[in-house]
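Visitor: Can you walk me through this one? I'd like to start with the chains and then go to the contacts.

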Amino acid sequence: MSSPTAVATGPPEKNKRRPKWREALARIAARFWYGRNVYLTAIGYLFLLIFFWMTAAFLDSGSATSVWYPPGDGHLFGINARGQDVFHASLAAGTKSISAALLAAFFGVGLSILSGWGIALSRRSAPSFVWLRRISRYGGFCPALIFVLIISAGWGAGFWKLVFLFSLVVLVFTLSRISDWFEELEDRGGTIAAEILGLTRSQTIRANYISFVAKRGIALACTLIPGLILGEIALSFVGFGLGPTSWGGLLAEGMRVLFEAPWLTIYPGFIITATLLTLSLLGWMARKSMNGDIPPRMF
Amino acid sequence: MIRFLVQRFLIALIRLAVVLGILGLVTEIAIGLKGGDEPMRHVWQWFSAKSFPPDFVPRLMASLRVLLICWTVVMILGLGIGIFRARLRQAKSLEIVWLPFVALTWAPAFWLIGLVALWLMERWGHPGFADGQAPIGGAETQAVNQWWHAMILGIILAAGAIGWQFRTCTTGIRDSAKQGFVRASYMRGHRRSIIFYDHVLKNSMDALTGIVDRGLPATLGMLAVSEWAFRYPGLGQFMIESARNALPDQIFIGAAIFSTIAILMSMIAEWIYGGLDRRVRTS
C-alpha cells in the first residue's frame, strides 16, 4: 500500500520576494480598482465636456440668411436663421451653459468650504457665527432665480457676471450644509486625539477635516451643476444670462417662430433635457463614489 | 400643542423678517448698480398701498391659482409615488417606471409650454397661449378660461416638480427602513406590510411632511419664467417684465410675496409634522 500523503520529489521552493516592479504594478492596479467609480465618473465628465467643446470649436459659422430650413437630407434637425445646423448649434450653445454652471458650482462650493473652515476655526472663541448659518438656511426660502433676476435687472448680463452671481447663490445655499459637515467631525476620534496631542485648531482641521470635506464638496458641486444649468437657461430665455447663442437664447429664438419653424424649439429642448439628465446621473454617480469607501490616499 | 403652533408661527415671522431683509438688501444693491437718473422706488417706499401696481391683486390671484393646482398635483402624486416606490424598494426593475418623471424634472418648463402650445394649435387651431382665446368657451366664460390656462401651466410645472418630490420622499422612507427596529421586526416574523405601514412610515414623518414645502422655492422661480413664456397675466410675468425693463425695484414686491408663500408652506409643514409626531412637539 502506498502512503496517503504525496512526497515532493523536486528541489524545495525558495521563499523569495516578488520583484519590485510587480509589487508596484499590483499597487497601481489595486488603487485603480478601489477608485474605479471615481475614475469612471471623471471619464464620463471628461467625455461629455470634450464632446461639447469639440462641437463648439468646429461649428460652422453659417451665413446670415434669416431663412430657416426644415429637417431634411443632410440636416436631420433643420437649419436655423443663422444658416447653422440646429444639432450643431445646440451642442455649441451648450458649451457656454455648461462652462458657466461648472465654474459657478466649483467656485461657490469652494467659497463655502473656505467660509465653513473659517467658522470651524473660530467656533471655540466666537460662537456668534451661528447667525451666518441661520441666514444661509433662511436664504433658501427665496427663489434663487429671483435673487439673480433682481441683480441682473440692475447690473445687466454677461458670462462672468452670471458666474459670480451663481457662485454667490451656491455659497448662500450650501454654507449651512458645509458647516454641518465640519460640526459632524467635531466629535470624531481623530479630532479628540488631535486635541489631546496638543495640536492647534488649524492643524487639527487640516489633518482631519479637509480630505473629508473636499470629497463631499466635489460631490456636492457635481450634483448642483444640472440645476445651475437649468437656472442659466431660464435666465437666458428671458433675456439675461449668456445671450442669444446659449441654450436659453436658442429656445427664446425658437419660441418667437414657434408655429412657423417648430424644429427650432423642439430639438434644442430634447438635447437640453438629455444633457441635463446625463449630468444628473453623473452627479449621482459622483456623490455615490465620493461618499463611498475609497482610499484616502487618492486625495 | 397650542404652544408648539405659536412657537412655529413666531419662528416663521423671524424667517420672514430675515428673508425680507436679504431681499431688500439685494434690491438696494441692484438699484445702486443700475445707477442713472431714472427715479427708483426704494424698498421702504413699498410699504404704502399707493406703491402697488393697479392690477396687483388680480395678478396675485392668477399666480395663486396656478400654484394651487400645481402643488396639489405635486403633493398627491409625489407622496403617492414616493410611498409606493419605497414599499417596492426591493423590485429594482420597477425603477424604469419612474424614469419619465425623473426626465421631466430636467425638461425646462417653458419648453414644455411651447410643446403644449404646438399641440393645441394642431388639435384646436388656437395657439393656446394665455393671451389668446381658450379652446373651451369664449369671452363669456372668462372664469372657465382663467382656470383652463392656470391648469395648463400648473400641470406643466407639476410635471417637473414631481420627480424631485417623490425622490426626496422615497429617500427619507428608505433611510427609516434601515433602522435596527425594522430588522428586529423581520426577525420576529412580523408581516412586511405591517412593518412598513405601521412603523416605517410613522418614523419617516420628516420626509413625508417635507413634501409640503421642500422644492417649493425652485418651483416658484420656474413659475415666474413659465408665466412669462405662456403670456399668463400673473405676478411672475410682472416680475420678468420689470427685469427686462431694468426696474429692479419692481421685482422686490413679487419676490417678497413668493418668499412669504414659501415660508407659510414651511410653517404648515412643521405644524403637520408636530401634529402627527408627538416627539417633535414635546422636544
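Guide: What follows goes through the chains, the interface, a helix pair, some salt bridges and two threonines. This is a predicted model, in which local features need pLDDT of at least 70 and side-chain atom pairs count only at pLDDT 80 or more, while totals for chains, interfaces and linings use all residues. Residues are numbered from 1 along each chain as its sequence is written, chains are lettered from A and ligands numbered from 1 in the order in which they are written, and side-chain values use heavy atoms, with hydrogens and water left out.

Visitor: What is the secondary structure of chain A?
Guide: Chain A has eleven helices and zero strands. Helices (H or I, at least four residues) and strands (E, at least two) are DSSP runs, numbered from the N terminus.

Visitor: And chain B? What does its secondary structure come to?
Guide: Twelve helices and zero strands. The C-alpha atoms of chain B fill a box of roughly 75 × 50 × 35 Å along the principal axes.

Visitor: How much of each chain counts as buried?
Guide: For chain A, 45% of 299 residues; for chain B, 50% of 283 residues. Buried means under 20% relative accessible area, exposed is over 50%, and partly exposed is in between (1.4 Å probe, protein chains only).

Visitor: What share of the contacts in chain A joins residues 24 or more positions apart?
Guide: It is 73% of the contacts with a separation of 6 or more. In chain B, 74% of the contacts between residues at least 6 apart in sequence join residues at least 24 apart. Contact means heavy atoms within 4.5 Å.

Visitor: OK, the interface. How many residues does each chain put in?
Guide: Chain A gives 39 residues and chain B gives 49 residues. The area buried between them is about 3800 Å², with carbon and sulfur atoms giving 85% of that. Buried area is the accessible area (1.4 Å probe) that two parts lose on being put together, summed over both.

Visitor: Which elements of chain A touch chain B?
Guide: Those that give two or more residues are helix 4 (130-139), helix 5 (144-155), helix 9 (210-237), helix 10 (247-256) and helix 11 (263-291) of chain A. The residues on that side of chain A divide into 30 nonpolar, nine polar and no charged. Here Ala, Val, Leu, Ile, Met, Phe, Trp, Tyr, Cys and Pro count as nonpolar, Asp, Glu, Lys and Arg as charged, and the others, Gly among them, as polar.

Visitor: How many salt bridges across the interface?
Guide: The rule finds zero between chain A and chain B. A salt bridge is a side-chain nitrogen of Lys or Arg within 4 Å of a carboxyl oxygen of Asp or Glu. Over all chains the count is seven.

Visitor: Which side chain does B:Glu270 meet in a salt bridge?
Guide: That of B:Arg15, at 2.9 Å, N to O. B:Glu270 is in helix 11 (residues 248-276) of chain B and B:Arg15 in helix 1 (residues 2-34) of chain B, 255 residues apart. B:Glu270 counts as buried at 17% relative accessibility, and B:Arg15 counts as buried at 9%. B:Arg8, B:Arg15 and B:Glu270 are linked in a network of salt bridges.

Visitor: What about B:Arg85, which partner does it have?
Guide: B:Glu95, in a salt bridge of 2.9 Å, N to O. B:Arg85 lies in helix 2 of chain B and B:Glu95 in helix 3 (residues 95-105) of chain B, so the pair ties together parts ten residues apart in sequence. B:Arg85 is buried at 12%, whereas B:Glu95 is partly exposed at 26% relative accessibility.

Visitor: New topic, helix packing. At what angle do helix 2 and helix 10 of chain B pack?
Guide: Helix 2 (residues 56-87) and helix 10 (residues 235-244) of chain B pack at about 115°, with their axes 7 Å apart. Axes are lines fitted to C-alpha atoms, for helices over the stretch in contact, and angles run from 0 to 180 degrees between N-to-C directions. Residues making the contact include B:Phe56 and B:Leu60 of helix 2 and B:Leu235 and B:Phe238 of helix 10 of chain B.

Visitor: Last one. Is A:Thr174 buried or exposed?
Guide: A:Thr174 is buried, at 4% relative accessibility. A:Thr174 is in helix 6 (residues 159-184) of chain A and, leaving aside neighbours within four places in sequence, is in contact with A:Ser112, A:Leu220 and A:Leu224.

Visitor: And where is A:Thr55?
Guide: A:Thr55 is in helix 2 (residues 36-57) of chain A, and is buried with a relative accessible area of 13%. With neighbours within four places in sequence left aside, A:Thr55 is in contact with A:His88 and A:Leu91.
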